Amino acid sequence: MIRPISPADPGLAPRLLEVQHRAYAVEAALIGFDGIPPLQEDLSALMASTEHWLGCFTDDVLVGAVAYEFPDHETVDITRLIVDPAYARKGHGTALLDALDDLEPRGLSLVSTGTANAPATKLYLSRGYHEDEQIEIAPGVTITRFRRERVL
């Protein structure tokens with residue numbers, strides 16, 4: 001089940017932070033860089049998030065989430081896509097992106113991931129995203145920004 005969630009919810013926030021840290025620890029290992037900001041985020045910072053969120057639940061357990069913002073009325077910027085590694089490769093990331101597309105159809109969708117994060121790159125490319133640019137965030141470490149344009 002996928003539904004809107006709030007990181008300010010004190011009953012949900014600790015689990016959301018746990019999923020986020022577990023997911024970004026996997027990405028950190030893949031890209032060889034542990035300075036990913038959401039990996040360093042604490043509970044109070046997460047609970048203060050102003051992003052919009054959808055959560056994915058299995059048997060009432062939060063297993064993944066997508067956070068997003070609207071830089072303008074045409075664009076959705078996906079700021080975080082996280083799936084607990086214990087639930088990875090079961091379609092939860094795809095389901096979250098599908099739900100976001102249904103809930104917030106926009107002509108332009110943006111997302112980024114560590115360039116060496118092959119699973120995330122494969123997911124975004126399979127959903128019609130195209131590489132926009134690579135940005136070096138630390139010596140030898142790059143992120144790839146992706147964009148997808150759709151006619152609605």
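This passage describes the strand arrangement, the packed helices and the nonpolar cores of a predicted model. Local features are reported at pLDDT of at least 70 and side-chain atom pairs only at pLDDT 80 or more, whereas totals for chains, interfaces and linings use all residues. Residues are numbered from 1 along each chain as its sequence is written, and side-chain values use heavy atoms, without hydrogens and water.

Seven strands (E, at least two residues; helices are H or I, at least four; both are DSSP runs numbered from the N terminus) form an open sheet of mixed pairing, in the order β1-β2-β3-β4-β5-β7-β6. Two strands pair if DSSP finds at least two bridges between them. β1 (2-5) and β6 (130-138) lie at the edges with a single partner strand each, so one side of each has no neighbour in the sheet. From one strand to the next, the twist averages 25 degrees. β2 and β3 run antiparallel and are joined by 7 bridges; F57 has L62 in β3 as its bridge partner.

Helix α4 (residues 92-103) packs on the sheet and touches (heavy atoms within 4.5 Å) β1, β2, β3, β4 (75-83) and β7 (141-149). The direction of α4 makes about 155 degrees with that of β4 (axes are lines fitted to C-alpha atoms, for helices over the stretch in contact; angles run from 0 to 180 degrees between N-to-C directions).

The largest nonpolar core (buried Ala, Val, Leu, Ile, Met, Phe, Trp, Tyr and Cys residues joined through side-chain atoms within 4.5 Å) has 20 residues. Buried means under 20% relative accessible area (1.4 Å probe, protein chains only). α1 gives the most to this core, with 7 residues.

Technical notes:
Buried < 20%, exposed > 50% of the residue type's maximum accessible area, 1.4 Å probe, protein only.
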